[in-house]
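Let's take a walk through this model together, starting with the overall build and then stopping at a few places inside. Keep the 3D view open as you read.

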Amino acid sequence: MKKGYLYIIIATFLFSTMEIAIKLSGSTFNPIELNFLRFLIGGILLLPLAMKRLRRSKRHLARRDWLFFSITGFFCIVVSMTFFQLAISYTKASTVAILFSCNPLFVLTFAALFLREKLSRLTIGSIIISLIGMMVIVNPFELKDPLGILLAVAAAITFAIYSVICRYGTKERHYDGIVMTCFSFLVGVTELAIVMLLTHIPALADALTAAGLTAFSQIPFVAGISLGSLPLLVYLGIFVTGIGFSSYFLAMEETSVSLASLVFFIKPALAPILALLILHEAIYLHTAIGILLILIGSTLTFVASREVPKIIRDKEKEGRIRTHHDF
């Protein structure tokens, strides 16, 4: 469990700097290109460790495993992270960070619906309080960037689908967190590369440009890479993507979906502070109130995650007592 807390701390910090680092890249990279590059770097970084774990478990990847990774890679990289990258282009980094952090609300709901994971009253309460906090921060009555907000919410929902599918993989197919993350990245960037290649077809490129979708027309693969942009690309690829995502799923393995989701409950509080220090994005009164509500919700999630093992122990103890009386 202690190891799980360490993974949560690492993932929380790295994920809280993700939007800031992408925002700092500015117009250096095409949004889809940056998505491709950072997940390619992250996947390659994790490959030796993933192969080592496969050898240690004496497991060989079969056709159905690659099919599973094609699904997770599609939802994570082709869909969710593309929405995410575009959202940062249209609105503030701190706003995207907060909205994307709504994904645990969907993760917990989807896990309850499809994986039959029970939600305690404390967990439900934490979801409600955290959602109210996020709404206070976003301030829907004064929306200035509706497209960016819509894209961020779409990224959150599709990332939640990805997370629940991955949770199914760890529970039912016993995938290792590093293995699943690595091959989801590598298969996902392969799928994204195919999409990027299609945008170079002249007729399609012209149609996308005419429709005002310039970012999707003739998407480059390595444009913008220089000595000046390399440190930021390395940080996004190795640290945020490689180490950050693997820490998140390792936290799921060591703890639970609910506890690992603390990463995204704490992030809305931490990311605006980092955005203030680095990007000088102001923190308004409603933002501070929302941050406080999110921290309260995170505390309830933590308490709920500790209550579950206690309830299980009590039931087991009760069962032993009843068995003893039966005899």
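Helices here are DSSP runs of H or I with at least four residues, numbered from the N terminus. With that in hand, E33 can be placed in helix 3, which covers residues 31-57. Please bear in mind that this is a predicted model.

Let's step back for the overall picture. The protein chain has 14 helices and 0 strands, so every element you meet from the N terminus on is an α element under the DSSP rule. Of the 327 residues in the protein chain, 49% are buried. Among contacts with a separation of 6 or more, 86% join residues 24 or more positions apart.

A good place to look inside is helix 5, residues 93-100. How many of the residues of helix 5 are buried? The count is 8 of its 8 residues, namely A93, S94, T95, V96, A97, I98, L99 and F100. The cover over these buried residues comes from several parts of the chain, including helix 2 (18-25), helix 4 (63-90) and helix 6 (103-114). Helix 7 (121-138), helix 8 and helix 13 (262-278) also belong to that cover.

One of these neighbours, helix 8 (residues 146-172), deserves a slower look. The axes of helix 5 and helix 8 come within 8 Å and cross at roughly 35°, and the crossing is right-handed. On the helix 5 side, the contact is made by T95, V96, L99 and F100. Helix 8 brings I149, A152, V153, A155, A156 and F159 to this contact. By class, the contact has 9 nonpolar residues, 1 polar residue and no charged residues. As a reminder for reading such lists, an α-helix has 3.6 residues a turn, so residues three or four places apart point the same way.

Now for the charged side chains. The model holds 2 salt bridges by the rule used here. In one of them, K267 pairs with E19, and their closest N and O atoms are 2.5 Å apart. This pair links distant parts of the chain, with K267 in helix 13 and E19 in helix 2, 248 residues apart. Are these partners buried or exposed? K267 counts as buried because its relative accessibility is 0%, and E19 is buried too because its relative accessible area is 1%.

The other salt bridge joins D65 and R59, whose closest N and O atoms are 3.6 Å apart. Here D65 is buried, with a relative accessible area of 3%, whereas R59 counts as partly exposed because its relative accessibility is 25%.

With those pairs in mind, return to E33. This residue is buried yet has no salt bridge. Which side chain of opposite charge is nearest to E33? That is R38, and R38 is 12 Å away. What does E33 touch, leaving aside its neighbours within four places in sequence? The contacts of E33 are with M196, I219, P220, F221, V222 and A223.

Our last stop is S126 in helix 7. S126 counts as buried because its relative accessible area is 0%. Try finding G297 from there: S126 and G297 are 171 residues apart in sequence, and their C-alpha atoms lie 4.1 Å apart in space.

Definitions and conventions. Residues are numbered from 1 along each chain as its sequence is written. This is a predicted model: local features need pLDDT of at least 70, side-chain atom pairs count only at pLDDT 80 or more; totals for chains, interfaces and linings use all residues. Side-chain values use heavy atoms; hydrogens and water are left out. Axes are lines fitted to C-alpha atoms, for helices over the stretch in contact, and angles run from 0 to 180 degrees between N-to-C directions. Helices (H or I, at least four residues) and strands (E, at least two) are DSSP runs, numbered from the N terminus. A crossing is left-handed if the near helix is turned anticlockwise from the far one by less than a right angle, and right-handed if clockwise. Contact means heavy atoms within 4.5 Å. Ala, Val, Leu, Ile, Met, Phe, Trp, Tyr, Cys and Pro count as nonpolar, Asp, Glu, Lys and Arg as charged, and the others, Gly among them, as polar. Buried means under 20% relative accessible area, exposed over 50%, partly exposed in between (1.4 Å probe, protein chains only). Lys and Arg count as positive and Asp and Glu as negative; His and the chain ends are not counted. A salt bridge is a side-chain nitrogen of Lys or Arg within 4 Å of a carboxyl oxygen of Asp or Glu.
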